[in-house]
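This briefing introduces selected features of one protein chain to a reader who is new to structural description. Please look over the sequence and the structure before turning to the notes below.

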Amino acid sequence: MSETGSRLRKQLESAHFDPEHYVKQLSQQSDGDRDLQEHRQKIQTLADETAQNLKKNVYKNYRQFIETAKEISYLESEMYQLSHILTEQKSIMESITQALLSTDKDETSKEMLAAFPKDTEEVKQRTLTSLLEKVEGCKNIMDTPGRHLVYNGDLAEFDVENMNPVQKVHAFLMNDCLLIATWLPNRRGAVKYKYNALYDLESFAVVNVKEHPPMKDMFKILMFPDSRIFQAENSKVKKEWLEILDETKKNKVTKDKRKKEEEMPNSPVRPEVSTNPFDEDEDEDAPADTAGGAGVDLSLEWIQELPEDLDVCIAQRDFEGAVDLLDKLNEYLRDQPVTQRVKELRAKVEERVRQLTEVLVFELSPDRSLRGGPKATRRAVSQLVRLGQSTKACELFLKNRAAAVQTAIRQLRIEGATLLYIHKLCNIFFTSLLETAKEFEMDFAGNTGCYSAFVVWSRSAMRMFVSAFSKQVFDSKESLTTAAECVKVAKEHCGQLTDIGLDLSFTLQSMLVRDVKAALLSYKDIIIEATKHRNSEEMWRRMNLMTPEALAKLKEEMRVSGIGDFERYTGDDCWVNLSYTVVAFTKQMMGFLEEGLKLYMAELHMVLLESLREVILVALQHVDYSLRCEQDGEKKAFVVHNAAFLHDTVLPVVELRFEEAVGKPAKQLRDLRKGSRGLKVNPESTTSLV
């Protein structure tokens with residue numbers, strides 16, 4: 001078959017193989033139906049061999065497939081992050097370019113303002129008043145002194161998520177804020193618009209939106225945690241909005257800086273003497289505050305621009321830059337007196353810290369993408385730790401990983417073979433647990449107080465794993481052999497965690513003990529029922545296996561199960577000098593012992609021991625009953641021979657195998673063996689084992 005099969009394989013694998021020609025030629029050369037059937041059998045055999053080889057190759061490379069898929073997933077996540085960062089950087093570069101191009105226009109505007117400052121402000125203030133009369137719900141806008149109109153115009157707002165048109169708005173840019181008003185569908189007299197929102201110039205950042213037709217002439221306003229996208233009438237109007245917004249923000253910063261410098265005292269002021277005795281404490285504190293204010297220089301440019309720089313960093317998701325600025329400020333203010341101006345600065349900074357913390361918390365929320373593994377959370381976690389939020393970072397990191405593990409388990413497809421599914425489940429879960437532990441140790445290396453939280457989380461994650469494991473293995477009523485193999489696989493994977501100092505074996509066993517106990521007791525009842533059924537049909541005859549192959553197979557099964565001297569119980573030809581019932585019981589009993597030892601746990605020591613004792617007792621009671629009831633002398637001698645096999649061969653092997661695997665004496669089995677000695681010593685006894 002090998003030479004013919006090789007020739008047939010080459011013919012079928014040929015690049016010029018023509019099925020129709022091949023079948024026609026085969027029909028002409030064949031003598032009849034028999035030849036066609038034989039050729040069909042050869043082709044079927046070749047197909048089976050090919051399928052088997054393909055299956056072997058798949059299983060051989062299965063682990064490589066899994067690792068490659070994981071690497072592809074991680075690379076995909078990293079590429080997505082890189083694309084997002086590059087897009088943001090490109091947007092920033094475009095904004096900087098436009099800012100540089102508008103420098104000349106800024107200088108011209110400043111000259112005009114210097115030439116006609118009073119008239120321009122009065123005109124703009126009158127214009128603002130007349131325009132605001134057309135806006136419903138903004139009567140208090142003019143209550144702020146010095147507020148005037150800088151620029152205004154119609155814009156179209158688009159949805160940030162799907163870029164669909166939302167509404168038509170009219171924007172009023174003032175020297176310290178931005179007012180957004182929506183168009184009224186039903187106008188009432190002079191009123192055309194309705195108040196929508198008012199943003200302080202320090203509370204938002206303006207970013208240019210790259211043009212992707214038909215989406216063009218757009219710019220984005222970033223206010224944590226929201227953002228809004230507006231579209232101008234054309235590119236010229238968009239450019240004017242971007243330039244004037246940037247210019248107005250700069251003018252406000254410069255004005256605030258100049259105002260603070262003017263408020264700083266140039267010389268010590270002698271406090272007035274008050275005759276009010278209740279003002280003594282206030283008079284004593286005033287010089288100290290003044291001296292402290294003179295000692296802390298808050299006029300530095302980077303300090304003045306710090307709140308706005310923090311807003312930009314948060315809007316651009318430059319978390320590292322924002323935390324670096326905060327560290328720089330804390331280092332500068334260390335050992336400095338706490339004055340009123342320092343308190344005001346810290347209040348502004350604390351508001352940005354709160355916004356930054358909320359953004360980082362959102363980055364770690366389970367609602368975000370869970371792809372990329374534990375490393376994807378490192379950036380947000382490290383910045384929260386630097387902000388002194390180690391506890392919150394630990395909690396959010398573990399919640400994120402719990403959601404990732406749960407999602408991975410839920411997405412795992414249930415295969416037809418339970419053992420294959422358990423292999424995949426254990427590989428996914430314990431690999432994720434191992435990676436999470438390594439990442440946790442790296443992120444929280446200096447926060448030993450968080451390690452207890454990780455241990456608690458590990459127990460919670462293990463409970464999730466055991467729930468999926470038990471549902472597939474125990475709830476589906478799998479055989480004890482399959483259950484034992486699955487538990488063995490889970491224990492082996494769990495043992496790998498000890499390499500990093502994490503031992504969850506006891507946790508795994510304590511969660512599985514209830515289901516394992518139920519499986520042992522259920523299988524024990526099945527064996528007892530099967531043994532009783534065979535006992536009811538017992539004829540006490542020697543076993544004839546008919547063929548030497550069957551006898552050799554039985555000898556091998558007995559040798560593997562631990563019955564080493566089974567040879568002396570075999571006779572001539574294919575005969576076995578034991579009854580079918582005793583042989584079947586021995587095979588089933590040894591199988592139950594091996595599977596039970598795979599499932600062994602310290603909590604189930606007595607359960608397994610008593611189950612073995614009950615199963616053995618059923619066989620011994622049957623032999624005892626047969627010895628007392630059998631009248632035929634030859635059959636009684638055969639029963640005694642079977643009893644000797646159970647007492648001298650099977651019971652010692654069971655007892656020894658149990659003690660070797662468990663490391664504890666099996667007293668119940670030893671007592672049962674001693675009690676069964678009377679079966680072969682005194683077969684005429686009427687005393688029962690029951």
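The buried residues of helix H16 are covered by elements that include helix H14 (390–411), helix H15 (418–443), helix H17 (480–495) and helix H18 (505–536). The model is a predicted one. The points below begin with helix H16 and then turn to other parts of the chain.

**Helix H16**
- Helix H16 comprises 23 residues, 451–473.
- At 1.5 Å a residue, H16 should span 33 Å, and its end C-alpha atoms are 32 Å apart, which agrees with that expectation.
- The buried residues of H16 include the aromatic side chains of Phe454, Trp457, Phe465 and Phe469.
- Ser458, Ala461, Met462, Val466, Ala468, Ser470, Gln472 and Val473 of H16 are buried as well.
- An α-helix has 3.6 residues a turn, so residues three or four places apart point the same way.

**Helix H20**
- Helix H20 covers residues 580–598, and 19 residues at 1.5 Å each should span 27 Å.
- The end C-alpha atoms of H20 are 28 Å apart, in agreement with the expected span.
- H20 is mostly covered, since 14 of its 19 residues are buried.

**Strands E6, E7 and E8**
- Strand E7 (residues 218–223) is largely enclosed by the rest of the structure, because five of its six residues are buried.
- On one side of the pairing, strand E6 (residues 205–208) runs antiparallel to E7 and is joined to it by four bridges.
- Within this pairing, Asn208 has Phe219 of E7 as its bridge partner.
- Strand E8 (residues 226–231) also runs antiparallel to E7, and six bridges join the two strands.
- Here Met223 has Asp226 of E8 as its bridge partner.

**Gln668 in helix H23**
- Gln668 is placed in helix H23, which holds residues 667–675.
- Its relative accessibility is 22%, and Gln668 therefore counts as partly exposed, given that buried means under 20%.
- Leaving aside residues up to four places away in sequence, Gln668 touches Met606, Leu609, Glu610 and Arg613.
- Gln668 and Leu612 are 56 residues apart along the chain, yet their C-alpha atoms are separated by 9.3 Å.

**A nonpolar surface patch**
- Leu54, Val58 and Phe65 make a nonpolar surface patch of about 290 Å².
- Val58, one of these residues, lies in helix H3 (residues 33–60).
- Val58 counts as partly exposed because its relative accessibility is 36%.

Key. Residues are numbered from 1 along each chain as its sequence is written. This is a predicted model: local features need pLDDT of at least 70, side-chain atom pairs count only at pLDDT 80 or more; totals for chains, interfaces and linings use all residues. Side-chain values use heavy atoms; hydrogens and water are left out. Patches are made of residues with over 30% relative accessible area and no salt bridge: like charges are joined within 9 Å, nonpolar side chains (Val, Leu, Ile, Met, Phe, Trp, Tyr) within 5 Å. Accessible areas come from the Shrake-Rupley method with a 1.4 Å probe; for residues, only the protein chains shown count as cover. A salt bridge is a side-chain nitrogen of Lys or Arg within 4 Å of a carboxyl oxygen of Asp or Glu. Buried means under 20% relative accessible area, exposed over 50%, partly exposed in between (1.4 Å probe, protein chains only). Two strands pair if DSSP finds at least two bridges between them. The expected span of a helix is 1.5 Å times one less than its number of residues. Contact means heavy atoms within 4.5 Å.
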